[in-house]
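New to this one? Here is a short tour, with the model shown first and a few of its details after that.

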Amino acid sequence: AKAGNHFVDGGKENCHAYHFNGVLPFYTVSYDVNGGTGDVPATSGYYLEGELYTVADVVLSRDGYTFKGWKLGEMTYQAGKEFDMPGENVTLVANWEANTYEVTFNVKMDGLTNPATQNVEHGEHATRPEDPSQDGYKFLGWEPTVAETVTENATYVAQWEKLYTVTYTDGVDEKVFKDDVHSDLEKDTKTPAFSGGTPTRKGFVFDGWNPEVAETVTEDVTY
């Protein structure tokens, strides 16, 4: 069969072109999706060295990545672009760029500053900030749990537990004993007892605490 200024002989598995000065080999083009998914042409065509090849228009996808074209050596080609066939079989490799996501940590507490927002590539790790602290509160962790790798934009919110203070006073401006203060107590823990045992005061008999001491801590309270 004649094709242009050359003749084709043999099946496609062993195809050559006969030119006036000898036999010219044909070369093939194949596509490597490189981790993506999509319908790509099977090993396509039989092309002479120097012949123009048009890159196929293919829809590809890959979680966390954006398709940037087809790489051939140092060059990247978009669909519909042409290149000259080299003197060898060609594999076009899908070029992917990792998506970048924003990771935010919200301390959710007056007087504290949020850490800077992080821009993290898909599949990489966000840097977990130091645990925040605030007087009168216990830091419980981040909600939701910080993911091991970043796959989307994410906001993590600090979770806090209010801590309480129990204070015992003498009722006469610390003339009998100094205020006995128990701080950073978790809710529903047992109320700590007065550190000084049973209070004494000249000319008086101790008759208990007002209000009556609760069994567990539920709020800031002074007795």
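A residue is called buried when its relative accessible area is under 20%, exposed when it is over 50%, and partly exposed in between. Keep that scale in mind, and keep in mind too that this is a predicted model.

Let's start with the charged pairs. Side chains of opposite charge can pair when their charged atoms come close. This structure holds 3 salt bridges, and here they are:

| Acidic residue | Basic residue | N to O distance |
|---|---|---|
| Asp131 | Arg128 | 4.0 Å |
| Glu186 | Lys138 | 2.9 Å |
| Asp220 | Lys162 | 3.6 Å |

Take the pair of Asp131 and Arg128. Asp131 has a relative accessibility of 49%, and because exposed means over 50%, Asp131 still counts as partly exposed. Its partner Arg128 is partly exposed as well, at 47%.

Next, look at Glu186 and Lys138, whose closest N and O atoms are 2.9 Å apart. Glu186 sits in the loop between strand 17 and strand 18, while Lys138 belongs to strand 14 (residues 137-143), so this bridge ties together parts that are 48 residues apart in sequence. As for exposure, Glu186 comes out at 31%, partly exposed, and Lys138 at 34%, also partly exposed.

Then there's Asp220 with Lys162, meeting at 3.6 Å. This pair links distant parts of the chain, 58 residues apart: Asp220 is in the loop between strand 17 and strand 18, and Lys162 is in strand 15 (residues 154-162). Asp220 is partly exposed at 45%, and Lys162 is partly exposed at 31%.

Now for a residue in the loop between strand 17 (180-185) and strand 18 (221-222): Thr191. Is Thr191 buried or exposed? With a relative accessible area of 10%, Thr191 is buried, because the cut-off for buried is under 20%. What does its side chain reach? One target is the backbone oxygen of Ala214, at 2.8 Å, and another is the backbone oxygen of Thr216, at 3.4 Å. Leaving out residues up to four places away in sequence, Thr191 touches several others, including Val166, Tyr168, Val213, Glu215, Val217 and Tyr223.

Last stop: the largest pocket. Its volume is about 300 Å³, and 15 residues line it. Nearest its centre are Thr169, Asp170, Gly171, Phe206 and Gly208. What is the lining made of? It divides into 8 nonpolar, 5 polar and 2 charged residues.

Technical notes
Residues are numbered from 1 along each chain as its sequence is written. This is a predicted model: local features need pLDDT of at least 70, side-chain atom pairs count only at pLDDT 80 or more; totals for chains, interfaces and linings use all residues. Side-chain values use heavy atoms; hydrogens and water are left out. Helices (H or I, at least four residues) and strands (E, at least two) are DSSP runs, numbered from the N terminus. Buried means under 20% relative accessible area, exposed over 50%, partly exposed in between (1.4 Å probe, protein chains only). A polar contact is a pair of N or O atoms within 3.5 Å; within protein, one must be able to donate a hydrogen and the other to accept it, and residues adjacent in sequence count only if both atoms are side-chain atoms. Contact means heavy atoms within 4.5 Å. On a 1 Å grid over the protein atoms alone, a cavity is a set of points where a 1.4 Å probe fits but cannot get out, and a pocket is an open set with protein on both sides within 12 Å along at least five of seven lines; lining residues have an atom within 4 Å of a point. Grid points are joined across faces, edges and corners, and a volume is the space filled by probe spheres set on the points. Ala, Val, Leu, Ile, Met, Phe, Trp, Tyr, Cys and Pro count as nonpolar, Asp, Glu, Lys and Arg as charged, and the others, Gly among them, as polar. A salt bridge is a side-chain nitrogen of Lys or Arg within 4 Å of a carboxyl oxygen of Asp or Glu.
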